[in-house]
Amino acid sequence: MKIEGHGQAKILTQEEIELLFNEGLQTDRDRTLFGVCLYTACRVAEACSLKVIDVFTPAGVIRSEMIIRKGNTKGKLGTRTIPIIQELRLLLETYKHPDHPYLFPSRHLNHRWKHANPEAASHLFQEACSLVGIIGASTHSLRRTALTQMSNAGIPLRIIQEISGHRNLEQLQKYLEVRPDQVRGAVSALSTLSYVRKPTYPDSAPLTPDKPLPPHQLSQAQSDAAQEIPDW
């Protein structure tokens with residue numbers, strides 16, 4: 001949990017996500033901006049700098065994949081394309097973006113930022129969290145929540161790295177949260193390594209009689225065994 005700028009941003013629960021998007025965030029613009037962060041696992045600066053053409057076709061149709069340009073990524077490591085899932089598509093359909101090159105243009109036309117300021121967006125997010133009583137969250141919570149959710153779903157880390165844009169797997173793993181119940185589940189698997197000695201059982205081979213059969217019974221048994229089984 002992040003307190004006064006220290007520690008990692010908390011992972012949001014399903015209940016907190018519902019509270020945040022239904023009661024904390026007050027406008028379609030804000031819900032869409034932070035929905036982009038949650039449903040693409042991108043950084044808030046990457047979401048703020050999206051252009052309309054990165055999300056919509058020239059005909060105004062929502063693309064199947066969102067483009068996050070190399071120049072807007074941290075470290076400028078490379079352009080990423082991320083599928084737009086239904087939850088994000090619904091937010092984009094509701095949001096009536098202004099006639100502007102940027103999807104989230106700056107509210108101050110004369111400001112040096114042509115698009116939404118990431119610091120202002122972070123402040124707005126904090127206000128929304130405070131409104132619904134979520135403590136220890138920041139805009140980075142949306143990214144951490146998305147990446148942890150994918151990891152918990154069993155998605156290989158190499159694929160998650162392709163979505164997150166991390167330089168290496170070590171950086172990515174720092175984002176992922178390990179829940180106490182996951183630790184308990186992992187340790188419980190060790191119960192199969194029991195130190196208790198298992199009882200041994202005698203072989204199931206047929207027992208040899210203490211006394212052999214009398215000669216007349218032995219010859220009769222051999223005779224019976226020699227008879228052929230009739231072919232029915």
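**Figure 1. The whole chain, read from start to end.** Follow the sequence along and you get the pattern α-α-α-α-β-β-α-α-α-α-α-α-α. That comes to 11 helices and two strands. Keep in mind that this is a predicted model. The chain has 232 residues, and buried ones make up 35% of them. As for the outside, the chain exposes about 15,600 Å², with carbon and sulfur atoms supplying 56% of that area. Now think about who touches whom: take the contacts between residues at least 6 apart in sequence, and 57% of them join residues at least 24 apart.

**Figure 2. Close-up of the two strands.** Here strand 1 (residues 65-68) sits alongside strand 2 (residues 80-83), and the two run antiparallel. Four bridges join them. To pick out one pairing, find Ile 68 in strand 1 and look across to strand 2, where its bridge partner is Arg 80. Which residues of strand 1 are on its covered face, and which on its uncovered one? Met 66 and Ile 68 make up the covered face, while Glu 65 and Ile 67 are on the uncovered one. So Ile 68 turns up twice in this view: on the covered face of strand 1, and as the bridge partner of Arg 80.

**Figure 3. Close-up of helix 1 against helix 6.** Helix 1 covers residues 14-24, and helix 6 covers residues 118-131. Where they pack, their axes are 9 Å apart and the angle is about 105°. The two helices are therefore roughly perpendicular to each other, since angles of 65 to 115 degrees count that way. Who makes the contact? From helix 1 it's Leu 20, Glu 23 and Gly 24. Helix 6 brings in Phe 125, Ala 128, Cys 129 and Leu 131.

**Figure 4. Close-up of Cys 37, Cys 42 and Cys 48.** A disulfide is a covalent bond between the sulfur atoms of two cysteines. How many disulfides does the structure hold? The count is zero. Cys 42 is in no disulfide, and its nearest cysteine sulfur, that of Cys 37, is 4.5 Å away. To count as a disulfide, the two sulfurs would have to be within 2.5 Å. Cys 42 is also buried, with a relative accessible area of 1%. Next, look at Cys 48: its closest cysteine sulfur is again in Cys 37, but at 7.0 Å that is too far for a bond. Cys 48 is buried as well, with a relative accessible area of 0%.

Methods: Residues are numbered from 1 along each chain as its sequence is written. This is a predicted model: local features need pLDDT of at least 70, side-chain atom pairs count only at pLDDT 80 or more; totals for chains, interfaces and linings use all residues. Side-chain values use heavy atoms; hydrogens and water are left out. Buried means under 20% relative accessible area, exposed over 50%, partly exposed in between (1.4 Å probe, protein chains only). Two strands pair if DSSP finds at least two bridges between them. Contact means heavy atoms within 4.5 Å. Accessible areas come from the Shrake-Rupley method with a 1.4 Å probe; for residues, only the protein chains shown count as cover. Axes are lines fitted to C-alpha atoms, for helices over the stretch in contact, and angles run from 0 to 180 degrees between N-to-C directions. Angles under 35 degrees count as roughly parallel, over 145 as roughly antiparallel, 65 to 115 as roughly perpendicular and the rest as oblique.
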